[in-house]
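Open the model in your viewer and colour it by secondary structure. Keep the selection box ready.

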Amino acid sequence: MAEEIRKGHCLCGAISYEIKGEVGGVDVCHCRICQRIYGYVGAFVSVKDSFTIFDSEQKLKWYKPSKHTMRGFCSTCGSALFFSRTKDGSKSMSVLVGSIDSLSDVGISANPIHN
Ligand SMILES: [Zn+2]
Ligand SMILES: [Zn+2]
């Protein structure tokens, strides 16, 4: 089976990314932080394998609203792109679903709450 590559980018195109391999289902979160940052809910897919960010103009900024989480966004267009959580020494990465180029096989699967 050929390895699947997904691509995504922010609204202005300054930041793009590639995901190789499997991704998780769509997680929707409406914790208080997601409400503030994304308007009400945030929708994410977790990246399990290889992940590359292309940011030649260094527009990606990270905001750290809580001790173990970071939110990545484009400082030019404001698009929300990434969610990263550090827990028990390991780091997980998710991308905001709306930034993925092809959404045809992505569906909502769960309702977790960040904390
Ligand atoms: Zn942008
Ligand atoms: Zn949340």
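The tour below goes from the whole chain to one strand, then to the core and a loop.

**Ground rules.** This is a predicted model, where local features need pLDDT of at least 70, side-chain atom pairs count only at pLDDT 80 or more, and totals for chains, interfaces and linings use all residues. Residues are numbered from 1 along each chain as its sequence is written, while chains are lettered from A and ligands numbered from 1 in the order in which they are written.

**Stop 1: the whole chain.** Show the cartoon. You should find one helix and ten strands. Helices (H or I, at least four residues) and strands (E, at least two) are DSSP runs, numbered from the N terminus. Read from that end, the order is β-β-β-α-β-β-β-β-β-β-β. Of the 115 residues, 23% are buried. Buried means that 20 or more other C-beta atoms lie within 10 Å of the residue's own; exposed means 12 or fewer, partly exposed in between, with C-beta atoms placed from the backbone.

**Stop 2: strand β2.** Select 16-20, which is β2. Show side chains. Tyr17 and Ile19 point to one face and are buried. Ser16, Glu18 and Lys20 point to the other face and are not buried. In a regular strand, side chains alternate between the two faces of the sheet.

Now add the partners of β2. Strands pair if DSSP finds at least two bridges between them. β1 (residues 5-9) runs antiparallel to β2, joined by five bridges. β5 (residues 50-54) also pairs with β2 in the antiparallel sense, over five bridges. Centre on Ile19: Arg6 stands opposite this residue, and Phe51 is its bridge partner in β5. Then select Gly13. This glycine has a positive phi near 90° in the β1-β2 hairpin, which has six residues between the strands.

**Stop 3: the core.** Select Phe44, Cys74, Leu81, Val95 and Leu96. These have the most contacts inside the largest nonpolar core, a set of 16 residues. A nonpolar core joins buried Ala, Val, Leu, Ile, Met, Phe, Trp, Tyr and Cys residues through C-beta atoms within 7 Å. β2, β4, β7, β8 and β9 each give two or more residues to this core. β8 gives the most, four residues.

Which residues does Val95 touch? Leaving out residues up to four places away in sequence, they include Tyr17, Phe44, Leu81 and Ile100. Contact here means C-beta atoms, placed from the backbone, within 7 Å.

**Stop 4: a loop.** Finish at Asp88, between β8 and β9. Why does Asp88 count as exposed? Because Asp88 has 5 C-beta neighbours inside 10 Å. Draw a C-alpha distance to His68: 9.6 Å, with the two positions 20 residues apart along the chain.

Methods:
Two residues are in contact if their C-beta atoms, placed from the backbone, lie within 7 Å.
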